[in-house]
Amino acid sequence: MSLTIGGEPDGVDLRRFHGQFRRGLLMHRKGRLGLFFLLQFPQSIVASTSGLDVRTQLDVVKCLADEPPESVRAHRSYQDMVQLLTRAMELADDALAKAQNRQLDTRVFSALLEALLAFDRSADVLDSDVTSSLTDIDALTGLFNRAALDRDFRREAAKALRSGRPLTVAMVDADHFKKVNDTHGHDFGDVVLNVLAHRFVESLRPGDLVYRYGGEEFLVLLPDTDVAGAVVVLERLRLRACSTPITQDDIAVTQAVSIGVAPVLTEGDPEDAVLRADEALYQAKDQGRNRLVVAS
């Protein structure tokens with residue numbers, strides 16, 4: 001059963017939760033890989049670093065920048081997920097402690113796996129409930145679409161104008177994407193866009209927002225962030241995009257992206273920042289692609 005959109009009339013609260021929840025799940029999966037590594041090699045556990053980092057990444061709820069809206073917190077699928085996540089993390093703590101003392105056995109490990117699978121099922125149900133309540137999700141990538149961008153950009157620009165806090169926008173484009181489609185087919189091209197979307201979400205901070213702008217173009221909003229801070233975040237995104245090949249069957253493509261960045265100025269039309277970011281994007285392409293250029 002889908003969630004009732006509550007709070008702001010255009011469902012901003014639910015969209016914000018959806019984006020943060022997706023990022024939290026990606027961080028959880030990264031933490032899960034770290035957990036299994038530590039269980040396999042318990043000598044790597046250092047109380048102040050490895051085990052703590054893994055536990056932080058596993059906790060989806062703590063990865064959220066904002067408290068979920070009331071419509072989510074009151075929903076049974078969210079409550080079930082939190083309960084199952086708590087149980088999985090308790091078993092993870094127990095397994096790490098036993099592994100450190102060389103007491104980890106099949107029974108403990110099996111219970112942990114079952115708890116993680118139960119959490120996965122509950123997270124899928126919650127994600128499905130939220131997604132079915134939103135009409136502004138891009139079906140291919142799971143990112144927000146242009147309709148959501150139009151609303152969110154107006155809101156963030158107005159907020160920046162009132163508060164005097166900076167707002168930065170970035171245009172991101174997949175390099176030579178037409179060649180990917182022409183060489184490997186549009187089905188694999190869809191795989192590339194889907195993987196890129198996941199890597200973008202993983203690279204950005206909880207408060208950042210990313211949208212599928214059209215085709216192989218994406219737009220990123222970075223609230224409360226000046227250009228210098230945005231460059232740090234977006235360089236991480238650029239490097240993550242091409243960090244490992246994207247594969248399917250016997251196809252493997254290392255997909256780079258180019259990025260144009262511009263501040264949203266307090267004077268003038270906020271949409272001008274998108275045009276300046278787009279111009280900077282084309283400068284990045286003219287300069288050889290796989291790079292970031294800040295609008296002059």
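Across the chain the pLDDT averages 91, with 94% of the residues scoring at least 70, and I should say at once that what we are looking at is a predicted model. There is one stretch to treat with care, residues 4–10, where the pLDDT is below 50, although in the model this stretch still has 13 contacts beyond near neighbours in sequence. Where pLDDT is low, the predicted coordinates should not be read in detail, and I will leave that part there.

Let me turn to strand S1, which covers residues 167–174 and is mostly covered, eight of its eight residues being buried. If you follow the side chains along S1, Leu167, Val169, Met171 and Asp173 point one way, while Thr168, Ala170, Val172 and Ala174 point the other way, and all of them are buried.

Which strands pair with S1? One is strand S3, residues 217–223, which runs antiparallel to S1 and is joined to it by seven bridges; here Asp173 stands opposite Glu217 of S3. Another is strand S6, residues 257–263, which also pairs with S1 in the antiparallel sense, over seven bridges, and in this pairing Val169 stands opposite Ala262 of S6.

Finally, a word on a single residue in a helix, Asp93, which is placed in helix H4, residues 76–100. Is Asp93 buried, partly exposed or exposed? Its relative accessibility is 30%, and therefore Asp93 counts as partly exposed, since buried would require under 20% and exposed over 50%. As for its position relative to Gly34, the two residues are 59 residues apart along the chain, and the C-alpha atoms of Asp93 and Gly34 are separated by 13 Å.

Methods: Residues are numbered from 1 along each chain as its sequence is written. This is a predicted model: local features need pLDDT of at least 70, side-chain atom pairs count only at pLDDT 80 or more; totals for chains, interfaces and linings use all residues. Side-chain values use heavy atoms; hydrogens and water are left out. Helices (H or I, at least four residues) and strands (E, at least two) are DSSP runs, numbered from the N terminus. Buried means under 20% relative accessible area, exposed over 50%, partly exposed in between (1.4 Å probe, protein chains only). pLDDT is the predictor's confidence in each residue, from 0 to 100. Contact means heavy atoms within 4.5 Å. Two strands pair if DSSP finds at least two bridges between them.
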